[in-house]
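Visitor: Please take a close look at one part of this model, the network of salt bridges. Which residues take part, and are they buried or exposed?

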Amino acid sequence: MSKFDDLFKQYNCNISDESVKQDIDKILAAHYAENDNVAVYKQCLNQIDLTSLNGSDTDTEIIALVEKVNNFNNVYPVLPNVAAICVYPALVPIVKEYLTENVGIASVAAGFPASQTFIEVKVAETAMAVMEGATEIDVVISIGKFLEGNYEEVFEELTEIKSSCRGAHLKVILETGALKSASNIMKASVLAMAAGADFIKTSTGKIPVAATLEATYVMCQAIKAWNEKNKVKVSYKPAGGIVTTEDAVKHYTLVKEILGEEWLNNTMFRFGASRLANNLLSSIEGQEVKYF
């Protein structure tokens with residue numbers, strides 16, 4: 001038995017897809033309505049990593065995005081700002097130069113989104129993004145290696161990347177839509193946390209299946225079990241495909257019921273989104289808003 005087989009045995013990684021769906025239905029039926037309110041919409045807004053990850057992104061477009069974040073509290077003085085701005089590594093210096101608000105600078109790195117490059121490149125790109133001003137780094141696990149059961153190599157890559165983050169937080173993306181089963185999502189969550197992830201994150205948003213409620217349920221159960229066993233609180237970030245206010249409230253409800261009130265802040269819980277911010281603003285204001 002490998003050390004990873006032993007690790008997975010400690011965290012009930014044989015979770016079934018059917019039981020996950022049943023539990024989600026029960027939780028939402030019992031608790032969704034109590035969270036479907038303006039106070040929660042505001043909280044969700046404050047938990048957004050405002051994201052632009054297009055191959056066509058220009059300096060001008062990113063400057064405009066940063067200026068909207070800078071001016072947000074002038075336009076909406078009673079609302080909380082977003083948590084961070086998330087961009088590609090080459091655009092980190094632009095965000096760093098123009099950002100005046102106290103929000104994070106998140107950068108994808110390490111061969112995002114496929115993670116199909118050399119570990120030396122992954123480490124170097126991570127270190128360069130941090131050097132240029134990123135306070136948070138979002139990286140994807142080597143999905144192919146994970147699916148082949150090569151857990152040792154996935155673990156070693158993540159620990160090297162974590163080391164190159166220095167003071168920046170590491171968000172490890174599992175790309176749950178490619179993992180196919182609740183059991184694999186649980187295993188990948190445990191593996192990422194064992195390697196030192198500060199956050200575990202669902203998806204890149206670059207494949208058809210992104211942040212599902214099933215992924216949120218399983219990953220939050222993994223975080224809960226990890227905290228109970230190791231007394232370490234790991235943060236959670238669903239990303240990709242969370243667009244509507246209803247989507248956000250459903251994920252929020254699962255996090256609240258599984259992990260508790262301690263996770264309901266932007267240190268412990270983020271949404272990776274580009275369109276969600278305007279939809280939450282519209283729900284808060286009671287009319288269509290297209291600010292971002």
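Guide: Lys-237 is buried in this predicted model, because its relative accessible area is 1%, below the 20% limit used for that class. Its side chain forms a salt bridge with Asp-138, and the closest N and O atoms are 2.9 Å apart. The two residues are distant along the chain: Lys-237 belongs to strand 7 (residues 235–237), Asp-138 to strand 4, and 99 residues separate them. Asp-138 is buried as well, with a relative accessible area of 0%.

Asp-138 also meets the side chain of Lys-171 in a salt bridge, at 3.1 Å from N to O. Lys-171 lies in strand 5 and Asp-138 in strand 4, so this pair ties together parts that are 33 residues apart in sequence. Both Lys-171 and Asp-138 are buried; for Lys-171 the relative accessible area is 0%.

Lys-171 has a further salt bridge, to Glu-136, where the closest N and O atoms are 2.6 Å apart. Here strand 5 (residues 169–173) supplies Lys-171 and strand 4 (residues 136–140) supplies Glu-136, so the pair ties together parts 35 residues apart in sequence. Glu-136 counts as buried, at 5% relative accessibility.

These pairs can now be placed in the wider set. The network of salt bridges links Asp-49, Glu-136, Asp-138, Lys-171, Lys-201, Lys-237 and Arg-270. In total, the structure holds 16 salt bridges.

Disulfides are another matter: the structure holds zero of them. Cys-13 is in no disulfide, and the nearest cysteine sulfur, on Cys-220, is 15 Å away. For Cys-220, which is likewise in no disulfide, the nearest cysteine sulfur is that of Cys-44, at 13 Å. A disulfide would require the two sulfur atoms to be within 2.5 Å. Cys-13 counts as buried at 4% relative accessibility, and Cys-220 counts as buried at 0%.

Charges also appear on the surface. Asp-17, Glu-18, Asp-25 and Glu-214 form a negative surface patch. Helix 2 (residues 17–35) gives the largest share of this patch, three residues. Glu-214 is found in helix 10 (residues 213–230) and is partly exposed, with a relative accessible area of 32%.

Definitions and conventions. Residues numbered from 1 in each chain as written. Predicted model: local features only at pLDDT ≥ 70, side-chain atom pairs only at ≥ 80, totals over all residues. Heavy atoms only, no water. Patch = residues over 30% accessible without salt bridge, like charges linked within 9 Å, V, L, I, M, F, W, Y side chains within 5 Å. Areas by Shrake-Rupley, 256 points an atom, 1.4 Å probe, with all protein chains shown as cover. Salt bridge = Lys/Arg side-chain N within 4 Å of Asp/Glu carboxyl O. Lys, Arg positive; Asp, Glu negative; His and termini not counted. Charge placed at Lys NZ, Arg CZ, Asp CG, Glu CD. Helix = DSSP H or I, 4+ residues; strand = E, 2+ residues; numbered from the N terminus. Buried < 20%, exposed > 50% of the residue type's maximum accessible area, 1.4 Å probe, protein only.
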